[in-house]
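Reader: Hello! I work at the bench and would like a close look at one part of this model, with its surroundings explained as you go.

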Amino acid sequence: FMTERGVKWDGRLLKLGGHSEPRVLVSIGDGAGLLNALWTHMKTLKNLETGLHTKADEIILDKDGKVEGLEVRQDYYFDTPETDDLQNKTGTKKLIRAKQGVIFATGGYSRDKVFRSIEVPFLAGVATTTNPGATSGALKTMVRAGAQPMHLSLFRFAYPLPTEDMIWGVIVDPATGKRFMSEGATRNALAQTVLLRRMQNGDKKPFIIYDEKSLAKFHNLNRVQRSLNGLNGIDGTMTKFNSVEEAAKAFGADPAIVKNTVDAYNQAIKEGKDPEFNKPLERSGRKVESLDFSAGVYAMPVNPRLNYTPGGIRTDLKARALSMETGKPIEGLFVVGEASGGLHGQERMTGCSMPECAVFGLIAGETVADRPKQ
Ligand SMILES: Cc1cc2nc3c(=O)[nH]c(=O)nc-3n(C[C@H](O)[C@H](O)[C@H](O)COP(=O)(O)OP(=O)(O)OC[C@H]3O[C@@H](n4cnc5c(N)ncnc54)[C@H](O)[C@@H]3O)c2cc1C
């Protein structure tokens, strides 16, 4: 479906976080490449009307609980992200009748610090790089229409560089100058350990050290390049240093202790073990090797960012929203993508949101198209 609509793939099939087999296709241009191709294709469709900057506020139900339409605000801009739903009163109200159904593809709520920290208090201060519309408003709208929310206390972190590629480096706590965890941990375990450490060390951000050879092992070299060029968002810039001591100093750590930490790490890896944290010494057929700084030392902060909220509305296999009261579909209401909840369980595997969005988007579209017009 995507290839027919102009998406181009870079030809690799990768095994990434949580996958038992290689399953991940990478689109050229990453996520933007994928979406731009679909958007360009969409503009060629003749029977499609789009209404940008239109916020769905309420779902209108008839007396039997069937979806009749939406109350929206046009000319709406998400411009106060963390409190947008409460404070943003802009836009012009309009009612839209739904002929065959309403599909919510309204994404997650990573921006809403108050909402997310009620479920998971340690998320209160965590940064996010999601879009300004990632508020909890749409979720609340669907709940008001009777839909069941689920998995709101789950979370998923991301980093400026791929989590899978942390394994090639050494993560150091600037407060102690020492390692404190396995760099090969899963993304949520990594984030929780880093955030806990920051709660204990006076909120100092840990940093990761690489050599040039380990950078070449990254599965996404674009992201490394963006980091080196200072174009990789909050705490995403990687800096090249002449020595480990120089890097340590830049991150507020004791240079001599960090040098010892890195030397001890290198020695252990040369001996084929990691007695301190038992990190796996192989990933996707590539070996973890000791770091060789003859071509420079590369370092950057490790700052987990909340970039996906697994919680959302409970749906069935036809993407129909299920009622909190009866557990049955709310007639005419469909939810797809990050706005839905429960598909991935405790920890979503790398690269699996886009397939979810695409597959359930198609299913919802087909299901709605088959419904009689009202
Ligand atoms: C930095 C980053 C990297 C990622 N990398 C990957 C990856 O490599 N692979 C992968 O599979 N996933 C990745 N993800 C996750 C994935 O991108 C998202 O889960 C996915 O894009 C969600 O798509 P969606 O269509 O469900 O929602 P979104 O793309 O979030 O779109 C929802 C839209 O609805 C709008 N909206 C919100 N409320 C309302 C309302 N009430 N009325 C009308 N409109 C509303 C929002 O403004 C937004 O435009 C990444 C996410 C981030 C932030």
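Reader: What is the relative accessibility of Leu-196, and how does that residue count on the scale from buried to exposed?

Author: Happy to help! Please keep in mind that this is a predicted model. Leu-196 has 46% relative accessibility, so Leu-196 counts as partly exposed. The reasoning rests on two cut-offs: buried means under 20% relative accessible area, and exposed means over 50%. A value of 46% lies in between, which means that the right label for Leu-196 is partly exposed.

As for its setting, Leu-196 belongs to helix α5, which covers residues 187-200. On the surface, Leu-196 joins Phe-122 and Met-199 in a nonpolar patch. Together the three residues of that patch have about 310 Å² of accessible area.

From helix α5 we can step back along the chain to a charged residue. Arg-179 sits in the loop between β9 (170-172) and α5. Its side chain meets that of Asp-274 in a salt bridge, with 2.9 Å from N to O. Asp-274 lies in the loop between α9 (255-270) and β12 (282-283), so this pair ties together parts that are 95 residues apart in sequence. Arg-179 counts as buried because its relative accessibility is 6%. The partner, Asp-274, is also buried, at 6% relative accessibility.

Another salt bridge makes a useful comparison. The side chains of Arg-320 and Asp-316 meet at 2.7 Å, again N to O. Here Arg-320 is partly exposed, with a relative accessible area of 30%, while Asp-316 is buried at 18%. Returning to Arg-179 and Asp-274, salt bridges with shared partners join these two with Glu-183, Glu-276 and Lys-279 into one network. The structure holds 20 salt bridges.

One of the salt bridges leads us to the sheet. The side chains of Glu-58 and Arg-144 meet with 2.9 Å between N and O. Glu-58 lies in strand β3 and Arg-144 in helix α4, so the bridge ties together parts that are 86 residues apart in sequence. Glu-58 is partly exposed, with a relative accessible area of 28%, whereas Arg-144 counts as exposed at 51% relative accessibility.

Helix α4 itself runs over residues 137-144. Within α4, Gly-137, Ala-138, Leu-139, Thr-141 and Met-142 are buried. Just after the helix, Gly-146 takes a positive phi of about 100°. On the other side, the loop between α3 (113-119) and α4 holds Thr-135. With 6% relative accessibility, Thr-135 counts as buried. The side chain of Thr-135 makes a polar contact of 3.1 Å with the side chain of Asp-85, and it reaches the backbone nitrogen of Gly-137 at 3.4 Å.

Strand β3, the home of Glu-58, spans residues 55-61. It runs antiparallel to strand β4 (residues 67-74), and six bridges join the two. In this pairing Leu-61 stands opposite Val-67 of β4. Five residues lie between the strands of the hairpin, where Gly-65 takes a positive phi near 85°. Strand β4 also pairs with strand β5 (residues 92-97), in the antiparallel sense and over six bridges. There Gln-74 stands opposite Thr-92 of β5. For reading such a sheet by eye, side chains in a regular strand alternate between its two faces.

Finally, β3 takes us to the ligand. At least two residues of the shell around the ligand come from each of β3, β15 (305-308) and α10 (353-370). Helix α10 gives the largest share of that shell, three residues. There are 22 residues around the ligand, and those that come nearest are Ala-56, Glu-338, Gly-351, Ser-353 and Met-354. A polar backbone atom of Ala-56 is 2.9 Å from a nitrogen atom of the ligand. In the side chain of Glu-338, an N or O atom is 2.6 Å from a ligand oxygen atom. For Met-354, a polar backbone atom is 2.8 Å from an oxygen atom of the ligand. The ligand on its own has 1000 Å² of accessible area, and the protein covers 66% of it.

Methods:
Residues numbered from 1 in each chain as written. Predicted model: local features only at pLDDT ≥ 70, side-chain atom pairs only at ≥ 80, totals over all residues. Heavy atoms only, no water. Pairing = 2+ DSSP bridges. Helix = DSSP H or I, 4+ residues; strand = E, 2+ residues; numbered from the N terminus. Patch = residues over 30% accessible without salt bridge, like charges linked within 9 Å, V, L, I, M, F, W, Y side chains within 5 Å. Areas by Shrake-Rupley, 256 points an atom, 1.4 Å probe, with all protein chains shown as cover. Salt bridge = Lys/Arg side-chain N within 4 Å of Asp/Glu carboxyl O. Buried < 20%, exposed > 50% of the residue type's maximum accessible area, 1.4 Å probe, protein only. Near = heavy atom within 4 Å. Polar contact = N/O pair within 3.5 Å; in protein donor to acceptor, adjacent residues only side chain to side chain.
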